[in-house]
Amino acid sequence: MSHAPELKLVPTPGQTVGPFFGYALPYDKDSELLAPGHPRSIRLHGTVVDGDGAPIPDALLEIWQADEAGTISRETGSLVRDGYTFTGFGRAAVDNVGHYTFTTVNPGPTEPGKAPFIALTVFARGLTNRLFTRIYLPEDTEALASDPLLASLDAERRRTLIAEREADGSLRFDVRLQGGDETVFLSYPRES
């Protein structure tokens, strides 16, 4: 009786993210975590660029964040916005020059002394996986200095994670996918 050699199965190679078939990705008010003009609302915006500084015209961004008090929302309804309920989740497609805009709130720290941040995920053509990063608010320099992630980076890399506060109160956060000023991207261990 002969035995066939044991075959080793290998994983199917990954596919790149995008270009996107837009069905069910965008939805009404997807980038409005709070209604524009609401007294608590701020604008979070920026541009997504490649290593040469050219805009990425078809990226899709998602954010998750705490509210102003640092509370992680447990509310449902992220896909059907009512204009009043803050769910902490939003999705925005960039325009043809790589610009995105969210209407949201300034997140509060989730624990006393912690640096408040917004979690950001980037999907774009040419990426084999989505990219994860954080957007830190610039004001609380003491909390920023003691943040474990930021403390693990040199000053030049650290600044790629800190948004710029504009004169009107908006936050500007540009995402550079490659190059000298590449945004710091995070990896999370997978469970086996």
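1. Of the chain's 192 residues, 40% count as buried, where buried means under 20% relative accessible area, exposed means over 50%, and partly exposed is in between (1.4 Å probe, protein chains only). Bear in mind that this is a predicted model: local features need pLDDT of at least 70, side-chain atom pairs count only at pLDDT 80 or more, and totals for chains, interfaces and linings use all residues. Residues are numbered from 1 along each chain as its sequence is written, and side-chain values use heavy atoms, with hydrogens and water left out.

2. Now the overall layout. The chain has three helices and nine strands; helices (H or I, at least four residues) and strands (E, at least two) are DSSP runs, numbered from the N terminus. Reading from the N terminus, the order is β-β-β-β-β-β-α-α-α-β-β-β. Taking the contacts in the chain with a separation of 6 or more, 71% are between residues 24 or more positions apart; contact here means heavy atoms within 4.5 Å.

3. Next, how some of the strands pair, which requires that DSSP finds at least two bridges between them. Strand 2 (60-65) pairs with strand 3 (residues 89-93) in the antiparallel sense, over five bridges. Strand 2 also runs antiparallel to strand 5, joined to it by six bridges. Glu62 is a handy marker: this residue stands opposite Arg91 in strand 3 and opposite Thr121 in strand 5. Another marker is Gln65, which stands opposite Ile118 in strand 5. Five of the six residues of strand 2 are buried, so this strand is largely enclosed by the rest of the structure.

4. Follow strand 5 (117-123) across to its other partner. Strand 5 and strand 6 (131-136) pair in the antiparallel sense over six bridges, with Val122 opposite Leu131 in strand 6. Strand 5 is mostly covered too, as five of its seven residues are buried.

5. What fills the inside? In soluble globular proteins, nonpolar side chains tend to be buried together. A nonpolar core, as used here, is a set of buried Ala, Val, Leu, Ile, Met, Phe, Trp, Tyr and Cys residues joined through side-chain atoms within 4.5 Å. The largest one has 28 residues, and the members touching the most others are Leu44, Val48, Tyr100, Phe102, Leu120, Val122 and Phe173. Strands 1 (42-49), 2, 4 (99-104), 5 and 6 are the elements that give two or more residues to this core. A second, separate core has ten residues, among them Ala115, Leu144, Leu150 and Leu161.

6. Leu44 deserves a click in the viewer. Leaving out residues up to four places away in sequence, Leu44 touches Ile63, Tyr100, Thr101, Phe102, Thr104, Ile118, Ile135, Leu171 and Phe173.

7. Which residues line the largest cavity? They are Lys29, Glu32, Leu33, Leu34, Ala35, Arg81, Asp82, Gly83, Tyr84 and Thr85. On a 1 Å grid over the protein atoms alone, a cavity is a set of points where a 1.4 Å probe fits but cannot get out, and lining residues have an atom within 4 Å of a point. Grid points are joined across faces, edges and corners, and a volume is the space filled by probe spheres set on the points. The whole-structure search finds one cavity of 30 Å³ or more, and the largest cavity holds about 50 Å³ of space. Its lining divides into four nonpolar, two polar and four charged residues; Ala, Val, Leu, Ile, Met, Phe, Trp, Tyr, Cys and Pro count as nonpolar, Asp, Glu, Lys and Arg as charged, and the others, Gly among them, as polar.

8. Two of those lining residues are worth a look. Leu34 sits in the segment before strand 1 and is buried, at 1% relative accessible area. The C-alpha atoms of Leu34 and Gly83 are 5.8 Å apart, although the two residues are 49 apart along the chain. Setting aside neighbours within four places in sequence, Leu34 is in contact with Arg40, Ser41, Tyr84, Thr103 and Val105. Lys29, also found in the segment before strand 1, is partly exposed at 38%. Its phi is near 60°, a positive value in a residue other than glycine.

9. Last stop: Ala66, in the loop between strand 2 and strand 3. Buried or exposed? Ala66 counts as buried, because its relative accessibility is 3%. Beyond its neighbours within four places in sequence, Ala66 is in contact with Thr71, Ile72, Phe86, Val105, Pro107, Gly108 and Thr110. Ala66 and Asn106 are 40 residues apart in sequence, with 8.5 Å from C-alpha to C-alpha.

Definitions and conventions
1 Å grid on protein atoms, 1.4 Å probe; cavity = no way out; pocket = protein on both sides within 12 Å on 5 of 7 lines; lining within 4 Å.
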